[in-house]
Amino acid sequence: MLKRKDLLGLRDVSREEILQILGTAVEMKEMLKNDVKKTQHLVGKNVVTLFYENSTRTRVSFETAAKIMSANCTSVSAAVSSVQKGETLIDTGLNLDALLTDIIILRHNMSGAPVLLARNVKASVINAGDGMNEHPTQALLDIFTMREEFGDELRGLKVVIAGDVKHSRVARSNIWGLSKLGAHVTVVSPRTLLPMEIEKMGVQVCDDIDEAVVGANVVMGLRVQLERQKSKLLPSVSEYMKFYGITDERMAKADSGAILMHPGPLNRNVEVSSVAADGDSSRILKQVTNGVAVRMAIMHLLTGERK
């Protein structure tokens, strides 16, 4: 079981803890493959998804995982909660504590919100994405998917992350997690969509996607937030696709057996062509399936420590 109460990001999670989560997720995935739709891992536990931003995959994935493990699961959307009446995040958390909640799964538009909540509640807090900071469970399911394809040892694996890196919490969590497992990460993006001094995270920066994908084992697209178009941080959508989009032709330059990944939601023919997204190398839907197993593992490991 994990020694920590919360999972707030991969920056401060050890390699051993990452491997423990991934190993437990293998067991959970095996149960799902055997069509096990109900286990007793979280029987009697109360799980709340508390989302201050819209979500489909992450919210449904967590709720599916909780229900499979027999938890009592409640969904709270900030848009229709007491937040609209002025209730603070801490007060919301304290009320959930008073309702005997064991796990709070938080998505928030402010970086650091899960840390603030975790410091003030007894329940375990899982970060489901905070601002431009981290999205640890997405990175863990991405890494889990890579391990299924290339084996448990990812040392030396070449991973290319292409897209809006500057605003991507998925990119940050993947960089922290993959680096701890020895993978080589290259980011490729217009300079306006790259964080300053990102090289300090241990990644290689490339301006040319055609050069970056050569020999890559994994090519991961990131969602281009089309609202950035208004801030003139990226060229037109058509120009972005031309110079940075992932296509079949670009995937052909990658290593034999390379896979295409994307955390979703996918803007077709903006970050990834429809042909590539639906092609044989795509693992986009497999990532969604793997998300359930990984989130089952995380909730089990966090609550098991506190029984």
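Hi everyone. Before I count anything: by helices I mean DSSP runs of H or I with at least four residues, and by strands runs of E with at least two, numbered from the N terminus. On that basis, the protein has eleven helices and nine strands. Its radius of gyration is 19 Å, close to the 19 Å that the globule rule gives for 307 residues, so the protein is as compact as a globular protein of that length. Please keep in mind that what we are looking at is a predicted model.

A little more on the overall picture. The C-alpha trace spans about 55 × 45 × 35 Å along its principal axes, and 55% of the 307 residues count as buried. If we take the contacts with a separation of 6 or more, 74% of them come from residues 24 or more positions apart.

Now let's turn to the sheet. What is the order of its four strands? Reading across, we have β2-β1-β3-β4, in an open sheet with parallel pairing. The edges are β2, residues 72-77, and β4, residues 124-130, each of which pairs on one side only. On average, neighbouring strands here are turned by 15° against each other, ignoring direction. Helix α2, residues 57-68, packs on this sheet and touches β1 (46-51), β2, β3 and β4. The direction of α2 makes about 160° with that of β2.

I'd like to stay with β3, residues 103-108, for a moment. With β4, strand β3 pairs in the parallel sense over five bridges, and the pairing of β1 with β3 is also parallel, over five bridges. If you want to find the register on screen, isoleucine 103 has serine 124 in β4 as its bridge partner, and leucine 106 has asparagine 127 in β4. Toward β1, phenylalanine 51 stands opposite arginine 107 of β3.

So how many of the six residues of β3 are buried? Six of the six. In a regular strand, side chains alternate between the two faces of the sheet. Here both faces are covered: Ile103, Ile105 and Arg107 are buried on one side, and Ile104, Leu106 and His108 on the other.

Next stop, helix α6, residues 169-180. At 1.5 Å a residue, its twelve residues should span 16 Å, and the end C-alpha atoms are 17 Å apart, which agrees. Just at the start of α6, a side-chain oxygen of serine 168 comes within 3.3 Å of the backbone nitrogen of valine 170. Following the helix is glycine 182, with a positive phi near 90°. Helix α6 is also mostly covered, with nine of its twelve residues buried. Among them are Arg169 and Arg172, along with Val170, Ile175 and Leu178.

Last, one residue I enjoyed looking at: arginine 250, in helix α9, residues 248-251. Is arginine 250 buried or exposed? With a cut-off of under 20% for buried, its relative accessible area of 10% makes arginine 250 buried. Its side chain reaches the backbone oxygen of glycine 245 at 2.7 Å. Leaving out residues up to four places away in sequence, arginine 250 touches Ile209, Asp210, Val213, Met241, Lys242, Phe243, Tyr244 and Gly245.

That's my tour. Thanks for listening, everyone!

Technical notes. Residues are numbered from 1 along each chain as its sequence is written. This is a predicted model: local features need pLDDT of at least 70, side-chain atom pairs count only at pLDDT 80 or more; totals for chains, interfaces and linings use all residues. Side-chain values use heavy atoms; hydrogens and water are left out. Two strands pair if DSSP finds at least two bridges between them. Axes are lines fitted to C-alpha atoms, for helices over the stretch in contact, and angles run from 0 to 180 degrees between N-to-C directions. Contact means heavy atoms within 4.5 Å. The expected span of a helix is 1.5 Å times one less than its number of residues. Buried means under 20% relative accessible area, exposed over 50%, partly exposed in between (1.4 Å probe, protein chains only). A polar contact is a pair of N or O atoms within 3.5 Å; within protein, one must be able to donate a hydrogen and the other to accept it, and residues adjacent in sequence count only if both atoms are side-chain atoms. The radius of gyration is taken over C-alpha atoms; the globule rule is 2.2 Å times the number of residues to the power 0.38.
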